[in-house]
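Open your viewer and get your selection tool ready. We will go from stop to stop, with something to select at each one.

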Amino acid sequence: MVREQAGRVLGANLRALRARAGLSLSGLARASGIAKGTLSQLESGAGNPTIETVFSLSNALGVPVSSLLTEREDPDVLLVRSAGLEVLSSNAVDLRMLRRMDLTDTVVELYDQRVRPGEVQHSAGHPGREHVVVTSGRLRVGPPEAPYELGPGDYVCFPAAAPHVYETVGGPVLSVLMLEYPAAAHPVPPVASCAVPAPRQNAHPVPGTGA
């Protein structure tokens with residue numbers, strides 16, 4: 001039931017975002033590198049996307065991943081049970097989206113991230129920055145040529161536009177992943193800082209977007 005509901009949400013969001021971008025199925029297939037038949041299945045709610053598929057669609061449409069995976073709502077109190085969430089899997093990583101937050105000029109997505117041993121997760125890069133906190137196990141994450149090694153309680157932030165990897169050191173890893181995107185979903189240059197930007201003089205919270 002959870003998977004079926006998640007598939008319907010993804011299908012509805014994908015159709016709406018493709019229409020907003022003025023793309024046909026063939027056009028989105030060319031832009032994302034995903035077969036037209038696969039896109040048709042996803043839009044019907046019958047597909048089973050991988051992490052790579054969702055990020056390819058995110059990049060092709062110029063939107064955060066959460067725009068594809070979540071229904072837009074912002075209750076005063078939000079309680080999320082991890083056991084009831086759809087799992088987005090790849091060869092080494094399982095992701096469960098816990099929350100999307102629309103800030104003044106930034107979109108933040110919060111994930112429960114579990115990394116399995118024996119495989120390396122490769123990402124070609126995507127907009128924004130990644131923030132990772134390891135809660136259990138040891139994890140190598142970051143640039144393929146010089147990844148950072150994190151243990152329990154360690155944190156790293158790095159620009160996500162450049163290629164990066166996730167790999168366990170020994171057994172499985174439990175971690176929290178936060179993706180931070182500009183609201184316009186433009187790629188962040190690889191030299192971007194992870195420092196929190198100073199608030200602008202005229203910046204005010206947008207009503208109803210949550211924090």
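Before the first stop, a word on terms: two strands pair if DSSP finds at least two bridges between them. Helices (H or I, at least four residues) and strands (E, at least two) are DSSP runs, numbered from the N terminus. This is a predicted model, in which local features need pLDDT of at least 70 and side-chain atom pairs count only at pLDDT 80 or more, while totals for chains, interfaces and linings use all residues. Residues are numbered from 1 along each chain as its sequence is written, and side-chain values use heavy atoms, with hydrogens and water left out.

**The sheet.** Start by selecting β6 and β7, which run antiparallel and are joined by three bridges. Look for R140, whose bridge partner in β7 is E149. Five residues form the hairpin connection from β6 to β7.

Now add β9 (residues 164-168): four bridges pair this strand with β6 (residues 139-142) in the antiparallel sense. Here G142 has V165 of β9 as its bridge partner.

Show β4 as well, and you have an open sheet of four strands with antiparallel pairing, in the order β4-β9-β6-β7. At the edges sit β4 (120-123) and β7 (148-150), each pairing on one side only. On average, neighbouring strands of this sheet are turned by 15° against each other, direction ignored; the axes behind that angle are lines fitted to C-alpha atoms, for helices over the stretch in contact, and angles run from 0 to 180 degrees between N-to-C directions.

**Helix α3.** Next, select residues 36-43, where L39, L42 and E43 are buried (under 20% relative accessible area, with a 1.4 Å probe and protein chains only). Seen down the axis of α3, its buried residues fall within an arc of 95°, so they line one face of the helix; the arc is that of the directions from the helix axis to the C-beta atoms. Just after α3, stop at G45, which takes a positive phi of about 85°.

**L68.** Finally, which residues is L68 in contact with, leaving aside its neighbours within four places in sequence? They are V9, L10, N13, L14, L17, V54, L57, S58 and L61, where contact means heavy atoms within 4.5 Å.

Methods
Buried means under 20% relative accessible area, exposed over 50%, partly exposed in between (1.4 Å probe, protein chains only).
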